[in-house]
Amino acid sequence: MISLLSPASPELDDPDFALLAHFAKHLGRASKAARFTVKSGEKRSKKKGHGMEMLELRPYQMSDDLRHIDWRVTARTGHTHTRLYAQENDHQRLLFLDLSPAAYFSTRFAFISTRFIQLAGLIAWRSEQQGDKLLYNLRFGNQTVEHLNKSSVWNMLNQLKNASKVQNREYLAPKNLGWHGSKIATKARNKDIIILTDKQQWSAEEQISLQQLAKHNQIHWIQIFDHHTFELPPGQYQFADADGMKSVKITKKSSEQAKKDFFEQNNAMRQRLARIGIRHQLFDISEPPEGIARRLLDQGALR
C-alpha cells in the first residue's frame with residue numbers, strides 16, 4: 001500500500017504500472033448486492049440470453065424465458081428458478097482523464113496528477129484482467145489521446161506514462177473538457193463512464209453534452225484534491241505553472257479565502273452534476289488509489 005500511496009517519483013514508469021497490475025488483480029469483488037442490484041436511475045438493461053455472464057438466480061416469474069429455467073435447482077428446491085444474464089455491453093466502459101496544469105502539484109504523498117494516473121492504470125489493468133472492453137480519452141499538457149477500439153493495455157499505460165511527466169504543467173489547459181466533442185462519447189449507450197478530473201468549471205455547451213451523455217449512460221465522476229494545500233504555513237513560496245516559476249506569498253487570510261473559493265466552486269459543481277443524475281465523489285490525496293478503485297468496484301463501475 002505504501003508504494004502506491006507515495007511513489008518514489010511523480011513521473012511513473014514501467015515498474016510502477018507493473019505494480020498496479022498486482023493491486024488491480026487483488027481488489028477483490030463487489031458485494032453481492034452491488035453486483036445483482038440495479039441502482040436507482042441506472043440506464044443499463046438486463047436482457048436474458050445465452051453466452052453472457054449470469055447475474056442472478058431467482059424464483060421464476062411469469063415473464064421469464066422458459067429456456068433459462070435452471071432445472072437442477074428447480075428439482076433440488078421444488079420451486080422453479082430462472083437464470084438472469086447480463087448484456088455483453090455491461091462489460092464495456094469509457095474512461096475520461098482530464099488533467100489541468102494545477103494537478104501537477106501536491107503538498108504530500110503524490111502529485112494529484114500522479115494519483116489520477118495511478119487510478120487510471122488500475123482501471124486499465126482491471127478491465128484487461130476481466131476481459132472487459134475499455135475505450136479512453138486522455139487529456140494532459142497539450143495532448144489529447146483517444147482510442148476508439150480496444151487496444152493493448154500497454155498502449156494505454158505508455159500514454160499514462162507520458163501524462164505523468166511534470167513538464168505537462170507548462171502548457172495551458174485545453175479549453176474544452178474531454179467528453180465534449182469526443183468520438184467515443186458521441187455514440188455511447190448503456191456504458192459505465194468514469195471521469196477523472198481536477199477541473200471544476202465548464203461551459204453551458206459542455207453541460208449540454210454532459211447531460212446527453214448522462215441520459216444514456218451511468219457516469220462516475222471522481223475528483224481528487226489536497227486539503228493540506230489550504231494549511232501551508234505563512235511564507236513565500238515558489239510555484240511553477242504554464243507561465244513559469246512565480247513567487248507567491250501565503251498568509252493565513254489568503255489560505256482561508258482560497259479554501260472558501262474552492263469549496264464554493266466545488267459545491268456549485270456538485271449541484272450541476274446532481275441535476276443531471278451524476279454522482280460526484282471527492283477524495284483527498286491521502287486516499288490510496290486502490291481504495292478509490294474499490295469504491296468504483298462496489299458501485300458497479302468495475303467488476
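**View 1. The lining of the largest cavity mixes 5 nonpolar, 3 polar and 3 charged residues.** Welcome to this predicted model. A search of the whole structure turns up 3 cavities of 30 Å³ or more, and the largest holds about 100 Å³ of space. Around that largest cavity you will find Ala 124, Ser 127, Glu 128, Asp 132, Leu 134, Tyr 136, Lys 150, Ser 151, Ser 152, Val 153 and Met 156. Two or more lining residues come from each of α5 (112-130), β4 (133-140) and α6 (153-163). Helix α5 gives the most, with 3 residues.

**View 2. His 220 sits in strand β7, which spans residues 218-225.** Here we look at a single side chain and its surroundings. His 220 has a relative accessibility of 5%, so it counts as buried, the cut-off being under 20%. Its side chain meets that of Asp 192 in a polar contact of 3.0 Å. Setting aside neighbours within four places in sequence, His 220 is also in contact with residues including Ile 193, Ile 194, Ile 195 and Arg 279. Leu 296, Gln 299 and Ala 301 are among its contacts too.

**View 3. Helix α10, residues 289-298, is largely enclosed by the rest of the structure, because 7 of its 10 residues are buried.** Those buried residues are Pro 289, Glu 290, Gly 291, Ile 292, Ala 293, Leu 296 and Leu 297. You may recognise Leu 296 from the previous view, where it is in contact with His 220. Just after α10, take a look at Gly 300, which adopts a positive phi of about 90°.

Note on methods: Residues numbered from 1 in each chain as written. Predicted model: local features only at pLDDT ≥ 70, side-chain atom pairs only at ≥ 80, totals over all residues. Heavy atoms only, no water. Buried < 20%, exposed > 50% of the residue type's maximum accessible area, 1.4 Å probe, protein only. Helix = DSSP H or I, 4+ residues; strand = E, 2+ residues; numbered from the N terminus. Polar contact = N/O pair within 3.5 Å; in protein donor to acceptor, adjacent residues only side chain to side chain. Contact = heavy atoms within 4.5 Å. 1 Å grid on protein atoms, 1.4 Å probe; cavity = no way out; pocket = protein on both sides within 12 Å on 5 of 7 lines; lining within 4 Å. Points joined across faces, edges and corners; volume = space filled by probe spheres on them. Nonpolar A, V, L, I, M, F, W, Y, C, P; charged D, E, K, R; others polar.
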